[in-house]
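Visitor: Please take a close look at the aromatic side chains in this model and follow them outward into the parts around them.

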Amino acid sequence: MKNHQNIFLAILGMLLGAAIGVAQSNGPAAVPTTSLSEVAGEVSLMPAGSSRSEPDASKVVVWLVPFGATRQTALPAEKTHYRLLQRNKRFEPGLLVVPVGSIVDFPNADPWFHNVFSLYRGKRFDLGLYQAGSQRSVKFDRPGPSYLFCNIHPEMTSVVLAVEAPYFAISDKNGRYAIPNVPAGRYVLHVWYENAPPESLQALERPVEIDGENRSVPPISIPVVKQIETTHKNKYGQDYDPDAIKTDY
């Protein structure tokens, strides 16, 4: 009798084990984890009428916007506060890239007054006159480049480029760049360079597919034009006062 019970229990155990295995194999699939890693690429700058690229290919901005996203549906960035320092009558950095909706702080680290303004393209603002050690801030809620100046020191210039997603990078002197923390998916690639015609930059936009095996972007060649250096006006649309420029502030 005991032997029959043991055989019955053994058979029952095998049947239960098989049933559990089938249930596990037919159960809901595990949710795939999103792969986050960098996307690398390289750019070159081609002057008009030349067959040789520029030796310095830095300050090219490349960013990826999720396919189907619009300018009005920018993704939230992990970092929403950035800083553009005023020091030694310079903006540091000279080029700052931020996601649309970010706040940029403008601390004055000089021992004199500054008046940061941007009235030409992109985000328009005038921070007014503020003293050493103080700080003012601007929310960049419009995509595109904003050209910044100081109403007291004409040599101070900078660009804040607001882009539609947090996936961006700036090229180094060799033209190489790496965009960090890009999830797998479909994107539209965008490029910006200060000395490139807008229509050329628009023509470089292209769809790209980023996945676990494809983490690079084909090389990008950017046609550039030589910019004629011109003096900019102050915030009133007038020339800077040469007597004021000679002062110690």
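Guide: In this predicted model, phenylalanine 149 counts as buried, because its relative accessibility is 11% and the cut-off for buried is under 20%. Phenylalanine 117 is also buried, with a relative accessible area of 0%. The aromatic pairs come to a count of 5. In one of them, the ring centres of phenylalanine 117 and phenylalanine 149 lie 5.9 Å apart and the planes make an angle of 40°, so the pair is classed as tilted. Phenylalanine 117 belongs to strand E8 (residues 116–118) and phenylalanine 149 to strand E11 (residues 144–150), so the two rings tie together parts that are 32 residues apart in sequence.

Phenylalanine 125 and phenylalanine 140 make an edge-to-face pair, with 5.9 Å from centre to centre and 85° between the planes. Strand E9 (residues 125–126) holds phenylalanine 125 and strand E10 (residues 135–140) holds phenylalanine 140, so this pair links parts that are 15 residues apart in sequence. Both phenylalanine 125 and phenylalanine 140 are buried. Together with Phe106 they form one aromatic cluster.

Phe106 leads from the rings into the core. The largest nonpolar core has 60 residues, and Phe106 and Ile222 are the two that touch the most other members. Leaving out residues up to four places away in sequence, phenylalanine 106 touches Leu84, Gln86, Val116, Phe125, Leu127, Tyr130, Ser134, Gln135, Arg136, Val138, Phe140 and Leu148. Phe125 and Phe140, its partners in the aromatic cluster, are thus found again among these contacts.

Proline 107 comes next in the chain. It lies in strand E7 (residues 102–107) and counts as buried, because its relative accessibility is 11%. With neighbours within four places in sequence set aside, proline 107 is in contact with Arg83, Leu84, Leu85, Gln86, Ser134 and Gln135. Leu84, Gln86, Ser134 and Gln135 are also on the contact list of phenylalanine 106. From proline 107 to arginine 87 the separation is 20 residues in sequence and 8.9 Å in space, C-alpha to C-alpha.

Strand E7 takes part in an open sheet of 3 strands, ordered E3-E7-E10, with mixed pairing. Strand E3 (81–83) and E10 are the edge strands; each has a single partner strand, so one side of each lacks a neighbour in the sheet. On average, neighbouring strands here are turned by 25° against each other, direction ignored. E7 and E10 run antiparallel and are joined by 6 bridges. Across that pairing, valine 104 stands opposite valine 138 in E10. Val138 is also one of the residues that phenylalanine 106 touches. E10 is the strand that carries phenylalanine 140 of the edge-to-face pair.

Ile222, named beside Phe106 for its contacts in the core, points to another sheet. Strand E17 (220–224) stands at one edge of an open sheet of 3 strands, in the order E14-E1-E17 and with mixed pairing. Strand E14 (176–183) stands at the other edge; each of these two has a single partner strand, so one side of each is left without a neighbour in the sheet. The average turn between neighbouring strands of this sheet is 35°, direction ignored. Strand E1 (residues 36–47) and E14 run antiparallel, with 6 bridges between them. An aromatic residue appears here too: tyrosine 177 in E14 is the bridge partner of glycine 41.

Some aromatic rings have a charged side chain over them. Lysine 89 lies over the face of tryptophan 112, at 5.1 Å from the ring centre. Arginine 186 has its charged end over the ring of phenylalanine 67, 4.1 Å from the centre.

Strand E15 (residues 185–192) runs antiparallel to strand E2 (residues 61–66), and 6 bridges join them. There, valine 65 has valine 188 in E15 as its bridge partner. E15 is also joined to strand E16 (residues 206–210) by 5 bridges, again antiparallel. Valine 188 stands opposite proline 207 in E16.

For the protein as a whole, the secondary structure comes to 3 helices and 17 strands. Of its 249 residues, 39% count as buried. Among contacts with a separation of 6 or more, 65% are between residues 24 or more positions apart.

Conventions: Residues numbered from 1 in each chain as written. Predicted model: local features only at pLDDT ≥ 70, side-chain atom pairs only at ≥ 80, totals over all residues. Heavy atoms only, no water. Pairing = 2+ DSSP bridges. Helix = DSSP H or I, 4+ residues; strand = E, 2+ residues; numbered from the N terminus. Axes fitted to C-alpha atoms, helices over the stretch in contact; angles between N-to-C directions. Core = buried A, V, L, I, M, F, W, Y, C linked by side-chain atoms within 4.5 Å. Buried < 20%, exposed > 50% of the residue type's maximum accessible area, 1.4 Å probe, protein only. Contact = heavy atoms within 4.5 Å. Phe/Tyr/Trp six-rings, centres within 6.5 Å; stacked < 30°, edge-to-face > 60°. Lys NZ or Arg CZ within 6 Å of the ring centre and 35° of its normal.
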